[in-house]
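Student: I have a structure open and would like a close look at a single part of it. Could you take me through one helix slowly, and show me how it sits among its neighbours?

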Amino acid sequence: MGKTRDCEIEAEKLLEPIVAQFGVEIYDVEYVKEGSDYYLRAYIDKEGGVTIDDCENVSRRFSDVLDEADLIKDAYILEVSSPGLGRVLKKDRHLEKSIGQDVEIKTYKPIDKVKEFAGTLKSFDKDSITIVTDGNEITFARNDIAVIRLALDF
């Protein structure tokens, strides 16, 4: 594993008791470089959605724990937020919670001249994801999917 992934894993371990304390759960943790800045982003969630107070409480405590652990040597910006309405479904636990919900899929390469698909998430396994659209099932190889996210309804 690379330095970035190791940092994400260790940060998530430090975050686990904090989210438990505040009654929220970890949705995802990412450590990324954007331009010249590094960001450690913790996405938290709970039934009914997180509040600004949830984010603030977790952020303050997480910042203290990160400082104590001295996990990240580079200067970085800590962000704690909700994963948002059109959240990306990166992990199996995200997919599991989203069965039966509308999703949007973008593929790396066109499939029958189309790269964007929408439908209801029906199932997944380690190799594929299946959606239902207009009564038809479409199964995608997971490694063909660039991104899958919850669809936004307006």
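Tutor: Happy to; we will take helix α2 as our part, after a short look at the whole chain.

Please keep in mind that this is a predicted model. The protein chain holds 3 helices and 8 strands, and from the N terminus on, their order is α-β-β-α-β-α-β-β-β-β-β. Its C-alpha trace spans about 55 × 35 × 25 Å along the principal axes. Of the 154 residues, 34% are buried. If you take the contacts between residues at least 6 apart in sequence, 51% of them join residues at least 24 apart.

Now to the helix itself. Helix α2 covers residues 52–69, which is 18 residues. From its first C-alpha to its last it reaches 25 Å, close to the 26 Å expected at 1.5 Å a residue.

Which residues of α2 are buried? They are Asp54, Cys55, Val58, Phe62, Val65 and Leu66. These residues lie on the same side of α2, because they cover an arc of only 105° around the axis. A general rule helps you see the pattern: an α-helix has 3.6 residues a turn, so residues three or four places apart point the same way. On the face of α2 turned away from the buried side you will find the exposed residues Ile52, Arg60, Asp67 and Glu68.

What covers the buried residues of α2? The cover includes helix α1 (3–22) and the strands β2 (37–45) and β3 (77–81).

Let us start with α1. Two packed helices are described by the angle between their axes and the distance between the axes. The axes of α1 and α2 come within 10 Å and cross at roughly 145°, and the crossing is right-handed. On the α1 side, the residues that meet α2 are Ala11, Leu14, Leu15, Ile18, Gln21 and Phe22. Their partners in α2 are Asn57, Val58, Arg61, Phe62, Val65, Leu66 and Ala69. Sorted by class, this contact has 10 nonpolar, 2 polar and 1 charged residues. Try finding Val58, Phe62, Val65 and Leu66 on your screen: they are among the buried residues of α2, and they also take part in the contact with α1.

Next comes β2, another part of the cover. Tyr39 sits in this strand. Tyr39 counts as buried because its relative accessibility is 15%, and the cut-off for buried is under 20%. Leaving aside residues up to four places away in sequence, Tyr39 touches Glu30, Tyr31, Val32, Glu34, Ile77 and Glu79. Of these, Ile77 and Glu79 have numbers that fall within β3 (77–81), which also helps cover α2.

Finally, look at what happens as the helix ends. Just after α2, Asp70 takes a positive phi of about 50°. In general, most residues other than glycine have a negative phi. Asp70 is not alone here: Lys113 has a positive phi of about 70°, and that of Asp134 is near 50°. Lys113 is in the loop between β4 (102–111) and β5 (114–124) and is exposed, at 83% relative accessibility. Asp134 is in the loop between β6 and β7 (136–141), and Asp134 is exposed too, with a relative accessible area of 76%.

Technical notes:
Residues are numbered from 1 along each chain as its sequence is written. This is a predicted model: local features need pLDDT of at least 70, side-chain atom pairs count only at pLDDT 80 or more; totals for chains, interfaces and linings use all residues. Side-chain values use heavy atoms; hydrogens and water are left out. Helices (H or I, at least four residues) and strands (E, at least two) are DSSP runs, numbered from the N terminus. The expected span of a helix is 1.5 Å times one less than its number of residues. Buried means under 20% relative accessible area, exposed over 50%, partly exposed in between (1.4 Å probe, protein chains only). The arc is that of the directions from the helix axis to the C-beta atoms. Contact means heavy atoms within 4.5 Å. Axes are lines fitted to C-alpha atoms, for helices over the stretch in contact, and angles run from 0 to 180 degrees between N-to-C directions. A crossing is left-handed if the near helix is turned anticlockwise from the far one by less than a right angle, and right-handed if clockwise. Ala, Val, Leu, Ile, Met, Phe, Trp, Tyr, Cys and Pro count as nonpolar, Asp, Glu, Lys and Arg as charged, and the others, Gly among them, as polar.
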